[in-house]
Amino acid sequence: MNHRSSNETPAVGRLSVARVKARRFGQCALVATGAIALLGSCATNAPQDTWQPKGPNAKMIDDLQQPVFAVAGIIGIIVSVAVAYVIWRYKDRGQPIPEQTHGKPALEITLTVIPALILAVVGVFTFRVIFDLARTDDTQLVINVTGQQWWWEYDYPVQNEWGITQPIISSGQLVMPAGTKVLLRETSRDVIHSYWIPALNGKRDAVPGRIHTLRLEADEPGIYAGQCTEFCGLSHANMRMEAVALSKEDFARWIANQQAAYQAPAEGTLAKEGEAVFLNQCVRCHQVDGLKRPDGTLAIAAPDENVWSGAAPNLTKLMTRNTFAGAMFDLLRDACRDDVWKADSAEFGVKYLAGVDEACLNVNDLRAWLRNAPEVKPMYANPALLTETNGKYRGMPNLGLSESDIDKLVAYLLTLK
Ligand SMILES: [Cu+2]
């Protein structure tokens with residue numbers, strides 16, 4: 001039976017030139033997209049590659065995803081080839097409609113049972129990994145992680161076995177000992193964020209009012225990159241993080257330095273003038289532990305009165321980190337940064353713990369930040385809201401500082417290490 005009337009024009013003949021062009025463009029776009037996706041897998045410098053686990057938790061996930069990917073891949077290929085064959089073999093060439101049958105129980109049962117068995121096996125292994133990744137009873141070190149627009153705060157509760165005798169508060173870079181079962185306790189101060197260091201484990205949402213745990217362990221010292229992976233507003237893409245794994249000895253050094261007492265800059269220096277500017281302009285949001293006002297009282301920040309999320313990064317040891325503003329900017333200049341990032345694991349600790357000195361400071365980005373932070377990191381979709389703050393800011397405001405105040409502040413910030 002031929003159900004196309006013989007006097008109809010063939011399909012191609014009806015296409016206008018414009019439609020042919022549009023179709024060609026569509027085909028090219030499809031091929032280009034596929035090629036880009038494929039070429040992306042050739043990247044050599046891919047610090048957030050989920051196929052390169054650098055610790056036992058990520059390894060567990062990888063050991064599961066490799067065989068599942070292989071099985072799914074083989075099935076995917078079989079199904080695609082079968083579909084392509086059927087499309088080609090049975091395409092309408094005007095042949096009669098084949099004899100119609102109702103069902104084929106043997107085939108249908110087989111095609112139901114096989115996938116069910118495959119899914120059951122995958123399910124058993126998946127559950128095992130999920131439970132293993134949820135364990136908290138073998139924890140060796142606890143670190144609290146709090147997300148807010150658009151940076152992460154890390155605080156280390158007192159843990160005498162690690163020499164942590166007073167709480168340590170840091171931001172941007174999570175510092176942890178290598179070869180240690182670290183447990184993050186995550187929460188958020190505003191919207192939902194999600195913590196993800198692909199080389200060390202999967203993702204875990206940070207939700208206001210809740211505490212979620214995430215195991216992290218790195219085999220080797222080094223820096224492991226990640227980024228917030230739950231859309232959290234305008235600068236979501238600028239909310240990054242880095243886990244820094246140090247050898248146990250280097251971690252002990254880091255802990256000792258984080259707890260070291262505040263060293264006020266010497267009288268008569270530019271840094272001392274910077275301290276005064278800091279007390280005037282910055283201390284209402286940023287805590288520097290041990291910093292005193294001229295009258296000898298301790299300066300206590302009140303970010304809850306000045307920032308919507310109720311927090312601003314603790315700057316006590318700013319120059320011991322090598323990024324700032326949610327790891328959006330490097331605090332280290334390129335050459336110095338590469339020196340730290342590419343150090344082999346034997347000398348990594350030495351280079352990381354040296355901290356940022358004047359020669360290595362990425363002074364341009366830091367000055368741009370102090371000059372007008374919302375200009376370099378978007379914080380308000382509606383610029384009118386920049387000035388209408390109702391007394392509270394989102395992120396770091398533009399403080400209208402003079403260049404000479406910025407000179408002083410940079411000199412002061414360099415002493416915080
Ligand atoms: Cu976020």
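1. pLDDT is the predictor's confidence in each residue, on a scale from 0 to 100. This is a predicted model, and its protein chain averages a pLDDT of 91, with 95% of the residues scoring at least 70.

2. The weak part is residues 1-11, where pLDDT stays under 50. For residues 1-11 the model has five contacts beyond four places in sequence.

3. The domain assignment divides the protein chain into two discontinuous pieces: domain 1 covers 46-100 + 135-254, and domain 2 covers 270-321 + 356-413. Their C-alpha centres lie 31 Å apart. In the contact between them, domain 1 takes part with 15 residues and domain 2 with 13 residues.

4. On the side of domain 1 that touches domain 2, β2 (151-156) and β3 (168-171) each supply at least two residues. The most comes from β3, with three residues. By class, this side of domain 1 holds eight polar, four nonpolar and three charged residues.

5. Strand β5 (residues 182-188) has two strand partners to check. Strand β1 (residues 141-148) pairs with β5 in the parallel sense over seven bridges, and V142 has L183 of β5 as its bridge partner. With strand β8 (residues 212-216), β5 pairs in the antiparallel sense over five bridges; here L184 stands opposite L214 of β8.

6. In a regular strand the side chains alternate between the two faces of the sheet. Strand β5 shows this alternation: V182, L184, E186 and S188 point to one face and are buried. L183, R185 and T187 point to the other face and are not buried. Note that the buried face includes the charged residue E186.

Definitions and conventions:
Residues are numbered from 1 along each chain as its sequence is written. This is a predicted model: local features need pLDDT of at least 70, side-chain atom pairs count only at pLDDT 80 or more; totals for chains, interfaces and linings use all residues. Two residues are in contact if their C-beta atoms, placed from the backbone, lie within 7 Å. A residue is buried if 20 or more other C-beta atoms lie within 10 Å of its own, exposed if 12 or fewer, and partly exposed in between; C-beta atoms are placed from the backbone. Helices (H or I, at least four residues) and strands (E, at least two) are DSSP runs, numbered from the N terminus. Two strands pair if DSSP finds at least two bridges between them. Domain bounds come from an automatic or database domain assignment.
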